[in-house]
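Visitor: Please give me a close look at the pockets of this model. I should also like to hear about the helices that pack together beside them.

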Amino acid sequence: MEELIKLVDIKKVYHLGSVKVNALRGVSMVINRGEMLSIMGPSGSGKSTLMHIMGFLDRPSEGEYIFKGQSTSQFDDDKLAFIRNREVGFVFQSFNLLGRFTALENVELPLVYRGIKGKKRREIALYMLKKVGLEHRAHHTPFEMSGGERQRVAIARALVNDPAIILADEPTGNLDSKTGEEILEIFDELHHEGKTIVIVTHDPEVAARTERVVHIRDGKIVN
C-alpha cells in the first residue's frame, strides 16, 4: 500500500509558564492511502495533539513528519497553510461552522481561500451538500439545523477540496446514537470510495467501525 503519512519519533512539549507538559513522547506510525483508522485514548492522552500535528495545525517539537513522501520539517507557515487547505479536511465535535453563514456559504469557505470564483464555487459546494443529503438545506444557517445536519455540513466542507485525508475529532460526540450512526455511515461510504480517514474518539463502538485502532496513553502509542 502507498504511504500517505509517516510519523517518526514525534514529540510535542508545551510550556505553560514554568510547567513543562510532554503531550507526545515519541510517536511513530504510518497511515496508508485509503485506510480508515481510529485513535483512542483517555482525556489528556495526546490524541488531539497528534491530530493537530497530522493536520498541520501545530508543529512537533521533535521528530519527523513525512507527508506524501516529503519531510515537512523545513516547510514555512505559508507552505503548511497551503497543504492544510488543499490536502486536509477537518470534522470537529463542535462542528466549527460560522453561524451567520448559510450551509452553502460554510461549505464554500475552503474554495474561497483557494481563489475559486463564485459560480464554480457554488456548483462544487452544492454538489458536496447533495453528497451528504443536505442540498435542500443549502440556504439555512446552522442555527436553523439539527446537530446531525450541522455535522453533515461540516463533512461537506471537509470534502470540498477533495483532500488527501479527512481528520475527524469526536465527530459523533455531540450527537444522539441514531444521528451518530447516520454520520458514521457517511464515513463508511467515503472509505469505500477510497478516502483516507482518521477518527479520534473515546467511544469503542465508533472505533470498531474502522480497520485499525491506535491506542495512545500518556503521549505514547501503547498497542
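Guide: The lining of the second largest pocket consists of three nonpolar, three polar and five charged residues. In this scheme Ala, Val, Leu, Ile, Met, Phe, Trp, Tyr, Cys and Pro count as nonpolar, Asp, Glu, Lys and Arg as charged, and the others, Gly among them, as polar. The model is predicted: local features need pLDDT of at least 70 and side-chain atom pairs pLDDT 80 or more, whereas totals for chains, interfaces and linings use all residues. Residues are numbered from 1 along each chain as its sequence is written, and side-chain values rest on heavy atoms, with hydrogens and water left out.

A pocket is an open set of points on a 1 Å grid over the protein atoms alone, where a 1.4 Å probe fits and protein lies on both sides within 12 Å along at least five of seven lines; lining residues have an atom within 4 Å of a point. The second largest pocket holds about 170 Å³ of space, where a volume is the space filled by probe spheres set on the points, joined across faces, edges and corners. Its lining includes Asp 176, Glu 181, Asp 203, Glu 205 and Arg 209. Helix 6 (177–192) and helix 7 (204–207) each supply at least two lining residues, and helix 6 gives the largest share, four residues. Helices here are DSSP runs (H or I, at least four residues), as are strands (E, at least two), numbered from the N terminus.

The largest pocket has a volume of about 410 Å³. Of the 18 residues that line this pocket, Asn 85, Phe 90, Pro 110, Tyr 113 and Arg 157 lie nearest its centre. Helix 2 (77–87), strand 6 (88–92), helix 3 and helix 5 each give two or more residues to that lining. By class, the lining of the largest pocket has 11 nonpolar, five polar and two charged residues.

Two of these elements also pack together. The axes of helix 3 (residues 103–114) and helix 5 (residues 147–159) come within 7 Å and cross at roughly 30°; helix 3 is therefore roughly parallel to helix 5. Axes are lines fitted to C-alpha atoms, for helices over the stretch in contact, with angles from 0 to 180 degrees between N-to-C directions. Angles under 35 degrees count as roughly parallel, over 145 as roughly antiparallel, 65 to 115 as roughly perpendicular and the rest as oblique. Ala 103, Asn 106, Val 107 and Pro 110 in helix 3 are in contact (heavy atoms within 4.5 Å) with Val 153, Ala 156 and Arg 157 in helix 5. These residues divide into five nonpolar, one polar and one charged. Pro 110 and Arg 157 thus appear in this helix contact and also among the residues nearest the centre of the largest pocket.

Helix 4 (residues 118–131) approaches helix 3 with the axes within 9 Å and a crossing of roughly 120°, so helix 3 is oblique to helix 4. Ala 103 and Val 107 are among the helix 3 residues that meet helix 4, where Met 128 and Leu 129 are among the partners. This contact has 10 nonpolar, one polar and three charged residues. The axes of helix 4 and helix 5 likewise come within 9 Å, crossing at roughly 130°, and these helices are therefore oblique to each other. Met 128, Leu 129 and Lys 131 in helix 4 meet Val 153, Ala 156 and Leu 159 in helix 5. Here the classes are five nonpolar, no polar and one charged.
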